[in-house]
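Visitor: I should like to learn how to read a model of this kind, beginning with its confidence values and then turning to a residue and an interface.

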Amino acid sequence: MMRTFLQNRRAVAGAVILMLYLLMATIGPILVPLGGQAPEEAFQPPSWKHPLGTDYLGRDVLAQIVHGSRDVLFVAFLAAIFAIAIAISVGILAGFKGGVVDQALMTLVNMMLTIPHLPVMMILAAVFRVRDPFSFASILALWMWAGLARAVRSQVLSLRERDFIEAAKLLKLGSFHIIFKEILPNIVPYVAINFVSMMRGAIVSSVAIMFLGLAPFSATNWGMMLNMATIQTGAIYIPQALPYVLSPLLAIMLLQLGGYFFASGLEEIFNPRLRAHE
Amino acid sequence: MNEAILSIRDLVVEFEVREGNLRSVDRVSLDVPRGAFMGLIGESGCGKTTIVQAVMNLMPENGYIRAGEIFFDGSDILKLSEEELRRVRWEKIAMVFQAAQNSLNPVLKVSEHMVDTVLAHRREPKSRILQRAARLLELVRLDPGRVLDSYPHELSGGMKQRVVIAMSLLLDPELLILDEPTTALDLISQAYLMERLREIHGELGITMFMVTHDVSNVAKVADRVAVMYAAKILEVGSVEEIFYDARHPYTRGLINAIPSIVGDLSEKRPIPGLPPSLINPPPGCRFHPRCPWATSICREAEPEMEEVAPGHFVACHNWRGIQGRRQ
Amino acid sequence: MMLLELQDIHVIFQRGWLRKRRGAHAVAGVSLALEEKGILALVGESGCGKTTLGRVALGLLRPTSGKVLYEGKDIWGRGGKGLRPTGQTVYQDSYSALNPVRTVYQTLAPPLRRYGTPRKRLREETKKLLEFVGIMPPDYFLNKYPYHLSGGMRQRLVFARAIIPKPKLIVADEPVSMIDASLRLSILDLMLRLNRELGIAFLYITHDLATARYFAQAGRIAVMYLGAIVEEGRMEEVLERPLHPYLRALLSAAPIPDPELARKRELMPLREAEPPSAEHPPPGCRFHPRCPYAQEICAREMPPLRDLGDGHRVACHLVEMLPPWRLT
C-alpha cells in the first residue's frame with residue numbers, strides 16, 4: 001500500500017505540503033518568536049528582517065502566520081473529529097436500526113443539508129461569543145456532519161445485506177460485535193479519506209467567520225489577520241503592505257491545495273482496494 | 001484432418017498488474033482445423049479467455065501481445081492494420097462473448113440489432129438483411145415473427161443467447177468463436193443451446209471454436225479438444241482421445257474429478273493442491289507440484305509437445321508411462 | 001424424531017408498501033423432513049425457491065404459513081419463539097461470506113470465544129480448527145485476509161466458522177459452484193467428513209445434479225420446481241427410477257463427461273423450451289405447459305405429493321401411466 005501511495009505524485013505532493021504545515025504549527029512558534037510591537041515600523045514591505053513585511057502595529061507578518069497556523073489547524077482538526085464522531089454515530093444508528101429511527105434521523109440530516117451554513121454559523125458565533133477553539137470547533141462541526149452521515153448510512157445499509165453479517169447473526173455474536181467489529185472496520189477507510197476533506201471545509205468556514213471578526217479569541221489567527229488587514233486598518237489601500245494582506249490568503253490556499261491533493265491521492269489508493277473488497 | 005483455418009503459433013500474452021507481469025498465455029501453439037468443432041477447456045485463470053481476446057485483438061488496456069503469430073486463412077492477423085482487421089472481424093471470424101445476452105442494447109429491437117450489425121460492415125438492403133435474419137433465427141429454433149419485433153428484456157436468457165448467435169452468423173463467417181456460451185443459463189436451456197450449436201455446425205459447415213470451463217458440455221458437442229493449464233496447452237486430440245485415452249496427468253485428473261449422474265463414483269477424486277501463480281510459475285512442468293507421476297525431470301525442464309498418435313499431442317515427459325483409460 | 005421438519009410451507013413475498021400486492025409465491029406447500037445426521041440434496045434451477053426454503057429451514061425467514069419444527073418444537077410458535085436452531089449456512093460466494101477487513105484469526109476468534117473457548121486458548125484452538133478443515137499450515141494463514149486466499153480456501157474457512165457452535169444442521173447453498181471443477185470434490189469431501197465425524201446433518205442446495213449425486217449418494221434427494229417439490233426419495237432409487245417428467249428432462253439435460261454417452265442422449269423434448277416466470281406460475285401442475293405428457297387434469301389441479309412406497313414420492317397425476325424411462 002505504501003508503494004502505491006509513493007507512486008501517486010499528487011498524493012505525495014499533498015502529503016509533503018501538509019507535513020510542512022504541521023511542522024510549522026508544532027515547532028514553528030518555538031523557532032519564530034512573535035516579537036513585540038513597533039508601531040513606527042508599520043506596513044513595512046518585505047525585507048531580510050521581516051520576510052513578509054509588518055502589520056499595522058509593526059509586528060512581523062511571517063511570525064504571525066507561523067503562530068496562526070496552530071490555531072487554524074487545531075480548530076479544523078477538532079471540528080473534523082467532532083463532525084466525524086457525530087456522522088458515524090448517526091449513520092450507523094440510522095443504517096442499522098432502520099425503520100422509524102432511520103426516517104427521523106434522515107429527515108434531520110436533510111434539514112441540516114438544506115439550511116445555509118455560513119449565515120447560521122455567523123449568527124451562532126455572534127450569539128455564543130466564541131472564546132476558545134473547542135466551542136468554535138463545535139459550532140463548525142454542527143454543520144459538517146450531515147453529508148458524511150448520509151454516506152455512512154448508505155454504506156451501512158449495503159454492508160448489512162452482506163452474507164458475513166448474516167453469518168454473524170447466525171452465530172449469535174450480538175449487535176455490539178456486529179456494529180463495532182464487523183461494520184465499523186469496513187467504514188474506516190471511507191471515513192479516513194473524508195477526514196482531510198472535512199478539515200479543509202472546516203478551515204474555509206473558520207477563516208470566513210474569523211475574517212468577519214466573529215471569533216476574536218486569537219489575534220494571530222489568519223482570519224483575524226485578514227480582518228485586521230482589510231476591515232480594521234485598511235491595509236489593502238497601502239501598496240507596500242500587499243504582502244501583509246496576501247500572506248494569510250496564500251497560506252490558506254496552499255494548505256487547501258495540499259489537503260486536496262492528499263485526499264484525492266488517498267481516494268485513488270483506497271478505491272481499487274475498496275473495489276477489491278466488494 | 002483438414003488444414004487449419006486458424007493457426008496460433010508461439011503466442012505470448014502478458015498483463016501488467018500491481019504485483020508484476022502476469023503471463024497469461026505462454027508460448028501457446030494451437031491449430032483449429034477447418035470445419036471442426038473444437039473445444040478449449042481449462043479452469044479459471046488458465047488463459048483461455050485471453051487467447052480468444054488475442055485472436056480478435058481485443059485485449060484490455062493492460063494486456064500486451066508480446067510474441068507469436070495468429071494465422072487465419074494464411075495471413076497473420078496480428079499484423080493487420082486496424083482497417084483490415086475490421087474486415088476480418090465479424091465477416092470472417094465472428095465471436096459470441098461470455099454472457100453476450102447481456103450485451104444486447106435494451107432500447108433496440110432484435111430486428112434493429114440485426115440490421116445495424118450488417119450495415120456496420122457492408123451495404124445491403126434492409127429487407128434482405130431481415131430475410132437472412134429470419135432464416136438464421138429459425139436455424140436456432142426461434143420464431144422470427146415473434147422475436148424480430150421484441151426488445152431484449154422480453155426474451156429469456158436462453159433466447160437472448162440464441163439471438164446473439166444468430167447475429168454472429170449474419171455475415172456468413174468462416175469461424176465462430178464462443179466464449180463460455182452457457183453462462184447464466186439453466187440446465188435445460190444449456191442442453192438446448194448445445195444441441196442448436198451442433199445443428200448449426202452440421203448444417204452450415206462453419207468451424208466452431210468453443211472456450212469453456214465446462215468439461216462435460218465439451219464432451220457432447222466438440223470433435224477436437226485442447227486442454228489448457230497455467231498459460232500452457234497441455235494436450236490436444238480428438239474428443240475420444242481426450243476423454244478415453246488422455247495422456248497428460250492433468251487431463252486424466254480433471255476428468256476424474258468431475259462427478260457425473262451416471263457411472264461409478266468411487267473412482268472420482270479431486271486434484272490435490274492449487275493452480276500455480278502465473279506471476280511466479282513453478283519451474284519445469286507447471287503441473288508437477290500436483291502430479292502423481294512427477295519425476296525429477298519434471299521439476300527441471302518444461303516438456304515439449306510430443307505426438308502420441310496422429311493428431312494427438314501431449315506436453316508431458318512421462319506420457320508413455322500412463323496407460324489409456326479404455327482398454 | 002426428525003431433526004428438522006417442514007410442514008406445508010408457503011412463502012409469499014409481498015410487493016409494494018402501502019398497497020400490499022401479492023408478489024411471488026416462492027414456496028408453495030412444501031413438506032420435507034431431515035433426520036439427525038442425515039443428508040438431503042435439494043435440487044432445482046434458479047428461481048425455484050430452493051434458496052428461500054433453505055432460509056426458512058434455518059429460521060432466517062418466517063414462512064407465510066406452515067410449520068417449521070426443529071427437534072419437534074415449532075420455532076415460530078408460542079414458547080418456541082426465537083428458538084432459532086443452531087444451524088449454520090454456507091454460501092455460494094465465499095468472498096461475500098467473509099468480512100474483507102478481518103483476518104482469518106479475527107474471523108474465527110469471536111465465535112470461538114462466544115461458544116466457550118477461554119481467551120488464552122483462542123490461538124491454539126483456531127489453529128486446530130484450521131487444520132481440521134484442511135487450511136494448512138495454520139500458522140501461515142492466521143493473519144491473512146480473505147482476498148489472500150483462494151476460493152477453495154475461503155470456502156473451507158467458512159466451514160470452519162460454521163462448525164464452531166457445534167451445529168446439528170448446515171444448509172449449504174451452492175457451496176461449490178464458484179469453485180474450479182477439479183477442486184469441487186475436495187470441498188464436498190470435507191462436507192462428507194463433517195457429516196460423518198461431527199454428525200452434522202446437511203441440506204445441500206444446488207442446481208447441479210452431478211454434485212448432488214456425489215454428495216448425497218447415501219442420502220435423499222428432493223427435486224423442486226417453481227416452489228413445489230415434484231419428486232423426492234433416496235438418491236439411488238430416484239436416479240434409478242426417475243418418475244416426474246421434469247426430473248427426467250433435467251436428467252436428460254445434465255451434461256455427462258463421456259462423449260459416447262453424451263452423444264447418445266437427447267434432451268427430452270419439451271412443449272416449451274423456455275423456463276416460466278416465477279412471478280406468474282401456471283395454474284394446476286406448474287410444469288404442465290412444458291410437459292410432453294400433459295393432460296387436461298394437469299392444467300386444472302395441482303397434483304399432491306404421493307408416496308409410492310419406499311419413501312419415493314412424486315407429484316404427478318399421470319405417474320402410473322408414464323412410459324418407463326432410463327438415464328442411458
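Visitor: Which elements of chain A have the lowest and the highest mean pLDDT?

Guide: pLDDT is the predictor's confidence in each residue, from 0 to 100; helices are DSSP runs (H or I, at least four residues), numbered from the N terminus. In this predicted model, local features need pLDDT of at least 70, side-chain atom pairs count only at pLDDT 80 or more, and totals for chains, interfaces and linings use all residues. Residues are numbered from 1 along each chain, chains are lettered from A in the order written, and side-chain values use heavy atoms, without hydrogens or water. Among the elements of chain A, helix α1 (residues 2–7) has the lowest mean, 66, and helix α5 (residues 99–114) the highest, 90.

Visitor: Where does pLDDT stay under 50 in chain A?

Guide: Where pLDDT is low, the predicted coordinates should not be read in detail. In chain A, this concerns residues 274–278.

Visitor: What is the nearest side chain of opposite charge to B:E195?

Guide: A salt bridge requires a side-chain nitrogen of Lys or Arg within 4 Å of a carboxyl oxygen of Asp or Glu. B:E195, in helix α7 (residues 187–204) of chain B, is buried (under 20% relative accessible area, 1.4 Å probe, protein chains only). B:E195 has no salt bridge, and B:R196 is the nearest such side chain, 4.0 Å away. A polar atom of the B:E195 side chain lies 3.0 Å from the backbone nitrogen of C:L267.

Visitor: How many salt bridges does the rule find across the interface of chain B and chain C?

Guide: The rule finds zero. The contact (heavy atoms within 4.5 Å) takes 41 residues from chain B and 43 residues from chain C.

Notes:
Helices (H or I, at least four residues) and strands (E, at least two) are DSSP runs, numbered from the N terminus. Buried means under 20% relative accessible area, exposed over 50%, partly exposed in between (1.4 Å probe, protein chains only). Lys and Arg count as positive and Asp and Glu as negative; His and the chain ends are not counted. A polar contact is a pair of N or O atoms within 3.5 Å; within protein, one must be able to donate a hydrogen and the other to accept it, and residues adjacent in sequence count only if both atoms are side-chain atoms.
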